[in-house]
Amino acid sequence: MDSYRTNINLLNADVGLLIFRVSIALLMLTHGLPKLLKFFGPEELGFADPIGLGETITFTLAVFSEFFCAAFILFGFITRFAALPLITSTFVAAFIVHKADGFADQELPLLFMSGFILLAFTGPGKYSIDFWMNKKKKSRA
């Protein structure tokens with residue numbers, strides 16, 4: 001067996017996308033859940049405003065992307081759409097918030113951004129709500 005050959009097995013690709021999608025979504029939820037709890041909690045937000053939208057709007061967008069969009073990706077629901085706010089928020093984290101901090105602080109948002117770009121291109125795979133809904137639509141036609 002040649003290790004350099006590309007031999008696509010769709011079952012393996014779909015299982016791989018499932019594992020990747022669930023993993024990256026759960027990891028992002030560890031950032032989003034504390035923000036969601038803080039959003040509804042009694043303490044002040046105290047959140048950065050790196051692009052000048054205002055602290056509350058910026059925090060709301062962060063909660064939306066890091067919690068709700070990550071949850072959508074977890075289940076493979078509107079995956080390509082849900083990846084877009086996450087790509088945007090990780091881009092802002094890497095290139096605006098952590099611009100002066102160096103690569104060590106940019107590495108994690110860049111890694112997340114790469115994963116969400118992958119999902120925006122590939123979609124969620126066969127084991128997802130998106131696949132099931134698309135299959136159901138096609139069966140009606």
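Here are a few questions and answers about the chain shown above.

This is a predicted model, where local features need pLDDT of at least 70, side-chain atom pairs count only at pLDDT 80 or more, and totals for chains, interfaces and linings use all residues. Residues are numbered from 1 along each chain as its sequence is written, and side-chain values use heavy atoms, leaving out hydrogens and water.

Q: Which elements does the chain run through from the N terminus on?
A: Helices (H or I, at least four residues) and strands (E, at least two) are DSSP runs, numbered from the N terminus. The chain has zero strands and five helices. Read from the N terminus, that gives α-α-α-α-α.

Q: What share of the residues in the chain is buried?
A: Buried means under 20% relative accessible area, exposed over 50%, and partly exposed in between, using a 1.4 Å probe and protein chains only. The chain has 141 residues. The buried share of them is 33%.

Q: Where is Ile78 found?
A: Ile78 isn't a glycine, yet it has a positive phi of about 40°. Look past helix 2 (55-75) and before helix 3 (79-97): Ile78 sits in the loop between them.

Q: Why does Ile78 count as partly exposed?
A: Go back to the cut-offs: partly exposed lies between under 20% and over 50%. Ile78 gets that label because its relative accessibility is 32%.

Q: What percentage of the chain's contacts with a separation of 6 or more comes from residues 24 or more positions apart?
A: A contact means heavy atoms within 4.5 Å. Count just the contacts with a separation of 6 or more, and residues 24 or more positions apart account for 63%.
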